[in-house]
Amino acid sequence: MGLAMSKASASPIVPRAVPDYTTSEAGNPFVEGWYADPDTEIYEGLYWVFPTSSYAYDEQTYLDAFSSPDLINWTKHPNILTIADVTWATRAVWAPAPIFRNGKYYLYFGANDIQEGEPEEGKIGGIGVAVADKPEGPYVDAIGKPLIGDYHNGAQPIDQDVFIDDVDGQAYIYYGGHSHANVAKLNEDMISIGTFDDGTQYKEITPENYVEGSQMIKRNGIYYFMWSEGGWQGPDYAVSYAMSDSPLGPFNRLAKILQQDSSVATSSGHNGVFHVPDTDIWYIVYHRRPLSETDGNHRVLAYDRMYFNDDGTIASIQMLVKDDFADGQMFDWKTYGGDWTVADQRLTVASTTDARALLDTNFTDVVFDATISITDGSGDAGLVFRAANLSTGASEFSGYYACISAAGSVTLGKADTGTWTSLGETTMELSVSTEYQVRVTAVGSDISVFVGDWTTPRLTATDGSFAGGANGVGVRGAGAKFGSVSVAKAS
């Protein structure tokens with residue numbers, strides 16, 4: 001949320017460097033931990049993300065935040081709001097929505113998961129508002145009760161977004177669960193609901209397929225209303241949008257722009273948006289579930305570039321898989337054997353008999369790039385792809401391995417739970433501590449391995465043993481450094 005056009009309203013200070021990326025180049029998730037429902041702001045030159053802590057409802061009693069000067073290096077700000085500072089909230093503290101006005105930082109949140117009919121029974125819950133003197137809080141309840149504590153037009157009072165229009169400075173709150181969406185005016189004090197000219201306070205704006213997760217942005221005078229549809233624990237969870245000339249709509253659904261990718265992640269939705277000031281660079285920030293996770297609450301934060309077509313519509317968003325290790329972290333990697341660290345923007349493993357580090361992906365036809373430098377040992381280092389049945393034992397996985405060695409060999413082979421089969425080998429001049437760009441393309445049963453030169457493969461093979469699986473890196477009898485990882489679907 002924030003001012004129209006920028007989603008940033010706290011300060012005239014803007015980030016000094018322009019983050020012009022295709023995705024989170026240092027890897028998704030971009031922070032560690034189970035989080036969901038992110039919303040965004042830019043405060044005093046820092047990019048801020050405010051998410052839900054993704055645990056069982058009774059454990060959702062606090063909110064954390066994250067800030068970054070560059071969308072790469074993130075600082076965690078724990079417990080910016082807790083139920084200790086909201087007397088009426090007991091559980092299910094959800095979907096914080098930040099904004100700055102009148103010299104104060106406001107945070108709107110849902111609490112208690114109030115159900116239809118429960119307010120009439122005296123139960124308390126809904127959308128609250130807290131206030132602080134700093135972006136990182138501490139935030140305290142501003143009014144001692146929910147700002148919106150009842151159902152209006154069938155909308156559960158959750159999943160709010162707050163937007164200040166640059167036309168007249170009017171603040172709006174968009175919200176709603178249970179497949180209904182409302183918009184209301186916020187008064188200048190930001191802690192009370194205003195009234196429309198017709199005397200009403202809540203206008204229903206529910207577009208087709210709306211479920212929850214309201215989000216409003218503005219670009220070139222057009223209002224973009226975004227929301228989530230499908231079930232939040234299911235593979236059909238996704239983000240769709242509408243466009244309008246008015247902040248009140250109508251909002252007619254145009255398209256689904258973010259949805260699960262069976263190669264990357266599922267349950268992608270409930271988004272915020274970053275607009276880099278004084279540019280037309282936009283990012284969609286959202287949660288998703290890693291492929292190997294089955295717990296509904298195991299959600300992580302990710303962002304990808306959001307592009308607009310010439311007619312102003314939003315292009316379909318692609319979840320890209322990259323990691324240049326610029327943040328010094330390896331949140332998105334799982335290791336099998338070896339001592340792995342990140343140093344100097346390289347994923348590093350000490351010399352060992354056998355070790356792998358894998359991403360939670362499941363690509364079939366793939367283009368897989370990385371830099372590889374063998375640091376010591378007489379063995380090899382390379383790219384693992386279409387991998388499954390992973391374990392810590394030597395070669396005890398199923399999949400392919402394309403590697404280089406300091407002795408001057410380029411090898412492609414396959415492992416099948418302990419059995420290694422070479423699919424090809426060639427020689428070239430290679431040296432210890434020299435970094436080489438290595439690429440694998442695998443389309444159907446056709447596999448090519450490139451080293452340095454993307455035009456002519458060093459090796460080719462035809463093998464259909466494994467159709468798809470995880471991507472990663474590995475060593476055998478060596479230590480190595482890996483960088484500039486990129487995994488994409490082969491076109």
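Two rings of Phe, Tyr or Trp count as an aromatic pair if their centres lie within 6.5 Å. The model shown here is predicted. A search of the whole structure turns up 29 such pairs.

Take one of them. The ring centres of Tyr21 and Tyr283 are 6.4 Å apart, and their planes meet at 45°. Planes under 30 degrees apart would count as stacked, and over 60 as edge-to-face. The angle of 45° falls under neither heading, so the pair of Tyr21 and Tyr283 is tilted. This pair links distant parts of the chain. Tyr21 sits in the loop between strand 1 (2-3) and strand 2 (35-43). Tyr283 belongs to strand 19 (residues 282-290). The two are 262 residues apart. Are these tyrosines, Tyr21 and Tyr283, buried or exposed? Both are buried.

Aromatic residues also gather in a group. Tyr172, Tyr174, Tyr210, Phe225, Trp227 and Phe251 form one aromatic cluster.

Rings have charged partners too in this model. Lys203 lies over the face of Phe196, at 5.0 Å from the ring centre. Arg439 does likewise with Trp454, at 4.5 Å from the ring centre.

Now turn to the empty space. Rolling a probe the size of a water molecule over the atoms shows where such space is left. The largest pocket has a volume of about 690 Å³. Its lining is made of 29 residues, and the closest to its centre are Pro290, Phe331, Asp332, Trp333 and Asp360. Which elements give two or more residues to this lining? They are strand 19, strand 21 (321-323), strand 22 (333-336) and strand 24 (346-359). Strand 19 is also the home of Tyr283. By class, the lining has 17 nonpolar, four polar and eight charged residues.

The second largest pocket holds about 280 Å³ of space. Here 18 residues form the lining, and Tyr57, Trp94, Ile158, Glu212 and Trp232 are the closest to the centre. This lining has six nonpolar, seven polar and five charged residues.

One last residue deserves a look. Lys414 is found in strand 28 (residues 409-416). Why does Lys414 count as buried? The cut-off for buried is under 20% relative accessible area. Lys414 has 18% relative accessibility, so it counts as buried. Its side chain has a partner: a polar contact of 3.0 Å joins Lys414 to the side chain of Asp463.

How values were computed:
Residues are numbered from 1 along each chain as its sequence is written. This is a predicted model: local features need pLDDT of at least 70, side-chain atom pairs count only at pLDDT 80 or more; totals for chains, interfaces and linings use all residues. Side-chain values use heavy atoms; hydrogens and water are left out. Rings of Phe, Tyr and Trp (its six-membered ring) pair if their centres lie within 6.5 Å; planes under 30 degrees apart count as stacked, over 60 as edge-to-face and the rest as tilted. Helices (H or I, at least four residues) and strands (E, at least two) are DSSP runs, numbered from the N terminus. Buried means under 20% relative accessible area, exposed over 50%, partly exposed in between (1.4 Å probe, protein chains only). A charge sits over a ring if NZ of Lys or CZ of Arg is within 6 Å of the ring centre and within 35 degrees of the ring normal. On a 1 Å grid over the protein atoms alone, a cavity is a set of points where a 1.4 Å probe fits but cannot get out, and a pocket is an open set with protein on both sides within 12 Å along at least five of seven lines; lining residues have an atom within 4 Å of a point. Grid points are joined across faces, edges and corners, and a volume is the space filled by probe spheres set on the points. Ala, Val, Leu, Ile, Met, Phe, Trp, Tyr, Cys and Pro count as nonpolar, Asp, Glu, Lys and Arg as charged, and the others, Gly among them, as polar. A polar contact is a pair of N or O atoms within 3.5 Å; within protein, one must be able to donate a hydrogen and the other to accept it, and residues adjacent in sequence count only if both atoms are side-chain atoms.
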